[in-house]
Amino acid sequence: MKNARLIMDKDFAIGQVDPRIYGSFIEHLGRAVYGGIYEPGHPTADGSGFRQDVLDLVRRLNVPIVRYPGGNFVSGFNWEDSVGPRESRPHRLDLAWFTTETNEVGLHEFVDWSRKAGSQVMYAVNLGTRGPDEARNVVEYANHPSGSFYSDLRRRNGAEEPFGIHLWCLGNEMDGPWQMGHKTAFEYGRTANEAAKIMKWVDPTIEVVACGSSHHGMPTYGAWEYEMLMECYENVDYVSLHRYYDNARNNTPDFLARSMDLDDFIREVVSICDAVGGRKHARKKLNLSFDEWNVWYHSHEQDKEIWKRDKWNRALPLLEDIYNFEDALLAGSILITFLRNADRVKVACLAQLVNVIAPIMTRNGGGAWAQTIYYPLMHASAFGRGTALRPVISGPVYDCTDYEKVPVMDAAATLAEDGSVTIFAINRDLREDVCLEADLRGFGNLRFAEHTVLHHDDVKAVNTEEHPDNVVPCRGEDALLDSGRLTVRLPALSWNVIRLVP
Ligand code: AHR
């Protein structure tokens, strides 16, 4: 067994964890909405058509925000299509995903669903085919109390009280040529600035997210952030980052080291934000909204077939990745990376929530179950709140194709208001267990409460409707806290949550 040491102290704080880093995302894409959260006629559907089996799984994740309605979808979306009497809402071609959007579920329905889920809506406006005018109108519709055209329209449509949507995305991935209304950094920066300015004139309490690069490997990455922020720094609050990983090489050590790339990405975008701030002599600091992250590759081939066969149909089963155990390990180390960057990453959305590259899967008319990646998010959201502590880790490392000296054990820790400490740790070693040692005497009297482990002998193991409990957390048996010294055995290839309470 290898040994790894974790040094931390309650005074070495990274920052407060913003609970919104445990957010998620529902796009009008595939079966996320239709057949996912909404399926009138399903045995568990409530009077509004929302599946209660799905809502139960979403509630267990304790997701504070859900980004909506896209995604690529939003760049061709008219928000006005999604309000008012359902029977008169138009059916439109969705050029992002080559399907037909019926608008049966729209803004009011999604706000209603989010409330049932215990989440807030993070709403994206269309800055692709549309612009600042439609953006300020939807803010007026959603958030202005009454006495104006759009707020009164909302009231006539059944919502007396404003929706109070606080967090708004200024478009989606506007650097990407695949996006409807793709823009240069300058064009986008100007548009985002004007949109943000007048949206905030309508409701000065909102916060807005400017689109950063759609991924780390974009040819315009870096220059995009700098140039667009030069245009809109003063009026925006966050910059978005998106990142999806794959194990197309089928090399688990390489795959599990991807959080190193994530860490670099975060550090670089923070540097660019601060460079623009410095250039502008700004007192204000911009934070990051990692509003799309996940593993995404399992469904690529299947999707090509679906489009060949069923293009323009409604609710196609697109992006239905079936996640395996190693995907859950990477999801865990992504969450650890967010916690270790809690001073600047204030929002993050696991993309997405139901059926579409999602922790929750459903069958139309059938069951709903948790995929492997569900569990790290559930644990982090439940226990990773309070203050993120700065862990100093020493222990074995390995070299892989893209990185040298990847720590075999990766970890983050949080200190909650009640004095309890939670350690999240991954053991990336394929074969050997790691003995985690931590000196916790600086935290006063703590007692060991529980050690939860997610492990499977087969990295490709998955959960299915028939076998939903194939990869599930279990109780660890080998933790010891003696006179403030903690030792825990982290099994080879495992995600671990260690809870210590006063
Ligand atoms: O989450 C799936 C898609 O990935 C989103 O629509 C888009 O923003 C990103 O490219």
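This passage covers the domains and the ligand site of a predicted model. Local features require pLDDT of at least 70 and side-chain atom pairs pLDDT 80 or more, whereas totals for chains, interfaces and linings use all residues. Residues are numbered from 1 along each chain as its sequence is written, and side-chain values use heavy atoms, without hydrogens and water.

The domain assignment, of automatic or database origin, divides the protein into domain 1 (2–9 + 389–501) and domain 2 (18–383). Their centres, taken over C-alpha atoms, are 30 Å apart. Domain 1 contributes 42 residues to the contact (heavy atoms within 4.5 Å). Domain 2 contributes 38 residues.

The ligand occupies the largest pocket. A pocket is an open set of points on a 1 Å grid over the protein atoms alone, with protein on both sides within 12 Å along at least five of seven lines. Around the ligand stand 13 residues (a heavy atom within 4 Å). E27, N72, E173, Y244 and E292 come nearest. By class, the shell holds six nonpolar, four polar and three charged residues.

Oxygen atoms of the ligand are approached by side chain and backbone alike. A polar side-chain atom of E173 lies 2.8 Å from one ligand oxygen. For N172, a polar side-chain atom lies at 2.9 Å from a ligand oxygen. N72 instead places a backbone N or O atom 2.9 Å from a ligand oxygen. The ligand taken alone exposes 290 Å² (Shrake-Rupley method, 1.4 Å probe), and the protein buries 95% of that.

How values were computed: Polar contact = N/O pair within 3.5 Å; in protein donor to acceptor, adjacent residues only side chain to side chain. 1 Å grid on protein atoms, 1.4 Å probe; cavity = no way out; pocket = protein on both sides within 12 Å on 5 of 7 lines; lining within 4 Å. Sits in = over half its atoms within 2 Å of the grid points. Nonpolar A, V, L, I, M, F, W, Y, C, P; charged D, E, K, R; others polar.
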